[in-house]
Amino acid sequence: MDKNDRVLLDSAREILGVAAVSVLKQGLRASPAMLYALILSWEERAETHEKPAYQLALKILSKKLN
């Protein structure tokens, strides 16, 4: 894995963590489906250079959902 891939993976993991904390702070259960919906909404508003990290986070979650 090269440096760019590692940075992308780290960013995706950070997005997953922030999403989980956001959901938990609202007193909700941080299920994969809940996190997927939240991250999808963030991805739609993300800047172009940020989208790959959001898309990777969604891909990681989709594996959990299937």
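I started with helix α3 and listed its buried residues (under 20% relative accessible area, 1.4 Å probe, protein chains only). They are Ala53, Tyr54, Ala57, Leu58 and Leu61. They cover an arc of only 135° around the axis, so they sit on the same side of α3. The arc is taken from the directions from the helix axis to the C-beta atoms. An α-helix has 3.6 residues a turn, so residues three or four places apart point the same way.

The model is predicted: local features need pLDDT of at least 70, side-chain atom pairs count only at pLDDT 80 or more, and totals for chains, interfaces and linings use all residues. Numbering runs from 1 along each chain as its sequence is written, and side-chain values use heavy atoms, with hydrogens and water left out.

Next I looked up what covers that side. The cover of the buried α3 residues includes α1 (3-25) and α2 (32-45). Helices here are DSSP runs (H or I, at least four residues), numbered from the N terminus.

Then I checked the largest nonpolar core, a set of buried Ala, Val, Leu, Ile, Met, Phe, Trp, Tyr and Cys residues joined through side-chain atoms within 4.5 Å. This core has 14 residues, and among those touching the most other members are Ile15, Leu35 and Tyr54. Two or more residues each come from α1, α2 and α3. The largest share, 6 residues, is from α1.

Last, two leucines. Beyond four places in sequence, Leu35 is in contact (heavy atoms within 4.5 Å) with Ala19, Ala20, Val23, Ala30 and Leu61. Leu38 lies in α2 and is partly exposed at 22%. Its contacts, with the same neighbours left aside, are Ala19, Ser22 and Val23.

How values were computed
Buried means under 20% relative accessible area, exposed over 50%, partly exposed in between (1.4 Å probe, protein chains only).
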